[in-house]
Amino acid sequence: MSLREFLGEVRIVDPKDVKIVCDERRNSLKIFIRDEIYYNVLPKKPFPFTRPYFIIFTTRRGEEICVLKDYRGLDKDSIKNLEYMLSKMYYIPLIKDIEKISYSSGTYRWSVLTDRGRREFETRGRRSIVKLSDGRIIVFDIDENVYEIRPWLLDRKSIEYLDLVI
Amino acid sequence: MEDEGEPPDNYFTHLVEKDEKILFWFNSDLDEKGFFGRSYLIVTPKRVITYTPSTGYTRWYPLGGIREVRFLDHLGGGEIELVLKDRVVSLIRFSRSKVADFRKAARLLEELVFREVRLENKDIVVERGVSYDKKIDIVVRLFSLLKPYWRIGLVALISSLIAVALGLLPPYLMKILIDEALTKGNIDLLVQLSLYLIAIYLTSTLLGIIRGYSLTLLGEKIVYDLRKRLYRHVQQLSLGFFDRYGSGRLISRISDDTSRIKWFLTWGVQSLIVNTLQTVGIGVIVFSMNPSLAIFALIPAPIILVGIRYYKTRAWRYYHKVWRRWADVNAMLVDTIPGAMIVKSFTRERFETERFTRKLWEVVKATLRTVRLRLQVFPAMGLATSISAVLVWWFGGLRVISGEITLGLLTAFVSYMWQFYGPINILSTLVEPLQSALTSAERIFELLDSEPEIKDSKEAIDLEIKGHIVFRNVYFGYEPYVYVLRNINLEIKPGEVVGIVGPSGSGKTTLIKLLLRFYDPSQGKILIDGVDLRKIKLKSLRRQIGIVQQEPILFSGSIAENIAYGKEDAEPEEIIAAAKAAYAHDFIMKLPAAYDTQVGERGSRLSGGERQRIAIARAIITNPKILILDEATSSVDTITEKQIQAALNNLIRGRTTIVIAHRLSTVKNADKIVVISNGQVVEIGKHEELLERNGLYAKLWRAQFEEEKRALKEKLRVI
């Protein structure tokens with residue numbers, strides 16, 4: 001089978017044909033695709049860091065419904081509803097200031113200010129830090145929490161601390 | 001053939017007839033009785049001769065009378081045996097050091113006898129040492145690396161030379177200061193000289209900074225260029241080169257050897273020039289100031305030179321011993337810390353602790369030895385220099401008292417004397433790193449000069465492959481005439497699934513390497529859609545062949561990057577579609593970062609089955625016309641194998657597929673099964689046909705079936 005045939009199995013929909021509302025009773029989404037309605041739908045990001053606007057919608061049982069290549073094409077309300085759900089499923093605080101990074105016995109201890117408040121966490125090893133091709137940095141702490149850094153938003157002191165670990 | 005004591009061209013002429021050409025020869029390190037000594041195996045188109053020069057022992061056998069050539073591996077040595085019509089004879093014996101050479105000799109002889117190939121001396125690689133002329137060439141090429149950055153080099157050199165000249169001034173100014181300013185109470189001169197000295201030290205410091213920065217900049221630029229050039233070149237080389245060189249050696253060329261060259265071209269050369277000039281400059285000054293005092297100053301020179309030489313010849317050995325002892329300690333840690341469970345389960349904690357303590361004590365002993373060596377040499381050198389200084393003060397002082405020389409001159413003299421030994425010390429330690437930098441340069445240039453064996457010919461074309469493959473009379477050997485594949489004739493029709501089976505080492509994977517044109521056949525040809533492989537552009541060919549290996553190699557990066565490796569511009573939906581086809585999408589989506597999950601070095605964070613499915617997705621995304629599955633399901637458990645098999649079935653549909661299988665069940669349903677043994681196709685047919693034929697395939701099938709039955713019984717017994 002050629003890739004083209006396999007591609008046929010991926011249902012890509014136009015954001016203009018999609019409406020999303022919150023299904024609060026089921027802690028999920030309800031989506032309308034033209035004249036179809038789907039209840040109890042969950043959004044998933046297959047590329048949460050590199051293509052955060054690419055979404056796959058599935059049922060609770062994991063059956064795939066459709067794919068949105070860029071959800072920013074949805075109407076305002078749909079975006080708001082979708083992002084509300086995504087913000088619970090993908091919790092990635094953005095680090096705005098690094099107050100201190102100290103090192104002890106193979107562990108880095110970070111004190112940071114994020115867009116969700118102040119936080120202290122620990123990382124171990126170089127693999128806990130991933131540099132993306134667009135310059136952003138993803139940090140995984142030892143408890144598998146995820147943080148995002150946009151170095152161009154940091155002040156000089158934070159950059160100097162960051163240089164200690166990357 | 002040999003890298004030591006090669007005999008002259010006419011060395012064997014008395015052994016052969018007038019028109020009998022020597023095809024090749026190998027030398028052994030044992031004689032016919034097994035004593036250490038030199039003997040030779042010489043092969044001509046008619047005969048094979050053994051010859052021991054020291055005893056004159058000579059035997060020869062006509063090639064036509066040889067029925068079999070046997071290579072025998074013994075403990076501590078080896079032997080080549082010939083099976084003749086009526087007897088078996090021992091042809092030559094050798095130690096283990098010569099095993100590789102004679103293994104090659106045996107195969108060459110076999111080819112010559114049974115295939116009647118025409119061998120030439122040029123087919124046998126001869127390695128030689130580096131000649132003097134070549135060393136000059138290396139130095140010239142090495143300096144050519146400086147060319148693009150000659151301005152930076154010049155800045156560094158000029159700043160160094162000025163710094164050397166300035167460094168020679170202070171003792172002389174001190175002489176004037178003592179004799180003219182202090183003794184005669186000339187305050188103006190005192191101030192003036194002090195200001196000169198401040199200016200000199202200030203300028204020297206500035207020049208030091210300029211020199212340091214420019215040399216570092218120069219070094220980094222050169223090594224950046226060189227590493228980039230080397231890496232680009234290595235990527236262009238054929239797979240055969242990687243096989244011969246080995247990845248460890250290549251990595252060492254790109255990282256370690258380039259660093260040594262960087263040091264040589266920057267600090268090494270500068271240090272050589274600066275310290276030589278400084279030594280000569282100070283020497284000239286002290287002799288012109290007072291020749292008789294200069295002789296006292298030179299007294300420690302021979303002691304220092306002998307001392308340094310003594311130290312250097314032993315230090316390398318002693319420090320290496322320390323490193324080796326540390327390596328022993330580390331090796332033990334690497335064994336026993338991860339293996340703590342085994343140590344504890346056998347209650348060997350005390351044994352391991354004692355073993356570790358002993359190794360640790362070896363480190364202490366080796367370190368103390370280096371300390372003793374240092375204490376033998378350096379204090380003595382320091383003492384000699386100090387005594388010589390005292391002698392200069394003594395005899396110089398007597399001359400100052402008698403008014404022959406001034407106090408200022410003596411002070412300046414002693415000052416120069418102390419400056420004299422620094423550069424001598426540095427120069428004597430430069431020889432070894434300079435030598436090793438030259439060796440590194442030679443290795444790097446050797447790598448840069450190697451040409452890819454496999455490249456596009458001028459008439460090579462882009463071909464839209466349909467998938468019809470023909471192997472026609474193909475012979476191939478990694479070394480000339482030592483064939484791994486012999487007379488392979490095989491036709492695979494478009495869309496056909498062909499299984500290739502055979503015992504380990506029978507040549508299955510080599511067949512695939514030829515199809516991918518990692519190597520060219522020694523004889524015969526491979527055609528795709530009727531076009532000789534050598535006439536298809538490499539990029540066009542390899543882009544249309546997908547391969548899934550037994551141990552798939554993934555690169556550091558995300559899962560998405562690994563799947564898209566074969567198609568740079570892959571759209572995200574294509575990545576997902578390929579993963580779905582490879583039955584990988586579900587497990588990927590269960591990972592928190594899904595397709596953005598980092599796979600770790602070589603995919604270490606994924607299981608074998610997961611890696612395999614990602615490799616299948618990587619093959620699917622390229623949409624290959626020909627697919628090669630090299631033992632793709634042999635390293636996974638049965639459940640994973642089923643998932644992978646389903647993924648492979650998706651991949652195979654509509655493509656010409658070659659499946660190399662160890663587990664024969666994987667190729668049971670193939671359109672055609674090709675059985676290879678000892679580099680030759682011995683059977684071709686469908687599964688049932690081959691079983692009926694009761695040949696090698698049937699034997700392998702039964703052996704595997706029995707093995708699986710036995711394993712199952714064993715499992716049931718355990719349960």
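How many residues does the contact take from chain B, and how many from chain A? In this predicted model, the contact draws 22 residues from chain B and 21 residues from chain A.

On the side of chain B that touches chain A, the elements giving two or more residues are helix H15 (572–581) and helix H17 (608–621) of chain B. H15(B) provides the largest share of that side, namely eight residues. Sorted by class, the side of chain B that touches chain A is made up of twelve nonpolar, five polar and five charged residues.

H17(B), one of the two helices named at the contact, can also be examined on its own. With 14 residues and a rise of 1.5 Å a residue, H17(B) should span 20 Å, and because its end C-alpha atoms are 20 Å apart, the expected and computed values agree. Of the 14 residues of H17(B), 13 are buried, which means that this helix is largely enclosed by the rest of the structure. H17(B) is followed by B:Asn623, a residue whose phi is positive, near 55°.

Chain B as a whole gives the setting for these helices. It contains 20 helices and 17 strands, and 30% of its 719 residues are buried. Among the contacts in chain B with a separation of 6 or more, 71% are accounted for by residues 24 or more positions apart.

In chain A, three strands can be followed through two successive pairings. Strand S1 (residues 18–23) of chain A and strand S2 (residues 28–33) of chain A run antiparallel and are joined by six bridges, and within this pairing A:Cys22 has A:Leu29 of S2(A) as its bridge partner. S2(A) also pairs in the antiparallel sense with strand S3 (residues 36–44) of chain A, in this case over four bridges, and here A:Phe32 stands opposite A:Ile37 in S3(A).

Both pairings are hairpins, and in each a residue with positive phi can be named: A:Asn27, near 50°, in the hairpin of S1(A) and S2(A), and A:Arg34, about 50°, in the turn between S2(A) and S3(A). The table sets out the two hairpins.

| Hairpin | Residues between the strands | Residue with positive phi |
|---|---|---|
| S1(A) and S2(A) | four residues | A:Asn27, near 50° |
| S2(A) and S3(A) | two residues | A:Arg34, about 50° |

How values were computed
Residues numbered from 1 in each chain as written. Chains lettered and ligands numbered in written order. Predicted model: local features only at pLDDT ≥ 70, side-chain atom pairs only at ≥ 80, totals over all residues. Contact = placed C-beta atoms within 7 Å. Nonpolar A, V, L, I, M, F, W, Y, C, P; charged D, E, K, R; others polar. Expected span 1.5 Å × (residues − 1). Buried ≥ 20, exposed ≤ 12 C-beta atoms within 10 Å, placed from the backbone. Pairing = 2+ DSSP bridges.
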